[in-house]
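Let's take a walk through this structure together. Have the sequence and the 3D view handy, and follow along as we go.

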Amino acid sequence: GLPGFVNLTTGLAEVTNIRVADNKPILADLERVLDREVRAENDANCFALSEACDEENTQYPSVLGLILGTGFGGGFVINGKIHSGQVGMAGELGHLQLSWDKAPIYQCGCGNQACLDTYISGRGFEMLYRDLKGEELSAKEIIDRFYAKEESAVDFVRIFVELAAISIGNIITA
């Protein structure tokens, strides 16, 4: 599983959060070094497949899994099979555009601006805090302040959760 995808047409990895791996023939390189076949799938697709295979979820023909971590992504499973799309990018929901007029505009590693991936993620959490609250802190420091009930951190976490909820709601209802 990788945080991006391998383009099925070109064989090149498209991994915007790990620049050293972006636009590289990762599978061919690994196969050469390991002297064996190597397969890859988007990490969110792997997560969604794991959830779809869970006994309590096998009754559902379609599963959408969403991951919020270093980035923001999604995976689709339809009838028990990962749906990666024609080039392997289906489910890359982190590259939908943010719809919030109060947000600063961030450049995404994919080359576009205002992708959900740059807001609804760990680094987005830190950047938004910096730009909305005027102080540069790590996510851990922000959360520590939140649990200590510091007003600025509590207000920020409320904003972040609302932003994530609206964005995920838009994805689910689209």
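One bit of vocabulary comes up as soon as strands sit side by side: two strands pair if DSSP finds at least two bridges between them. Helices (H or I, at least four residues) and strands (E, at least two) are themselves DSSP runs, numbered from the N terminus. What you're looking at is a predicted model, where local features need pLDDT of at least 70, side-chain atom pairs count only at pLDDT 80 or more, and totals for chains, interfaces and linings use all residues. Residues are numbered from 1 along each chain as its sequence is written, and side-chain values use heavy atoms, with hydrogens and water left out.

Start with the overall picture. The chain has five helices and five strands, and reading along the sequence you meet them in the order β-β-α-α-β-β-β-α-α-α. The C-alpha trace spans about 55 × 40 × 30 Å along its principal axes. Of the 174 residues, 34% are buried, where buried means under 20% relative accessible area, exposed over 50%, and partly exposed in between (1.4 Å probe, protein chains only).

Now zoom in on the run of three strands in the middle of that pattern. Strand S3 (residues 62-68) pairs with S4 in the antiparallel sense, over seven bridges. A hairpin of three residues links S3 to S4, and Ser-62 stands opposite Ile-78 in S4. On to the next partner: S4 and strand S5 (residues 81-82) also run antiparallel, joined by two bridges. Here Ile-78 turns up again, with Lys-81 in S5 as its bridge partner. The hairpin of S4 and S5 has two residues between the strands, and Asn-79 takes a positive phi near 50° there.

How enclosed is strand S4 (residues 72-78)? Five of its seven residues are buried, so the strand is largely enclosed by the rest of the structure.

Finally, head back towards the start of the chain and find Asp-22, in the loop between strand S2 (13-14) and helix H1 (26-34). Is Asp-22 buried or exposed? Asp-22 has a relative accessible area of 12%, so this residue counts as buried. A polar atom of the Asp-22 side chain lies 3.0 Å from the backbone nitrogen of Val-15. Leaving aside residues up to four places away in sequence, Asp-22 touches Ala-13, Glu-14, Val-15 and Thr-16, a contact being heavy atoms within 4.5 Å.

How values were computed
A polar contact is a pair of N or O atoms within 3.5 Å; within protein, one must be able to donate a hydrogen and the other to accept it, and residues adjacent in sequence count only if both atoms are side-chain atoms.
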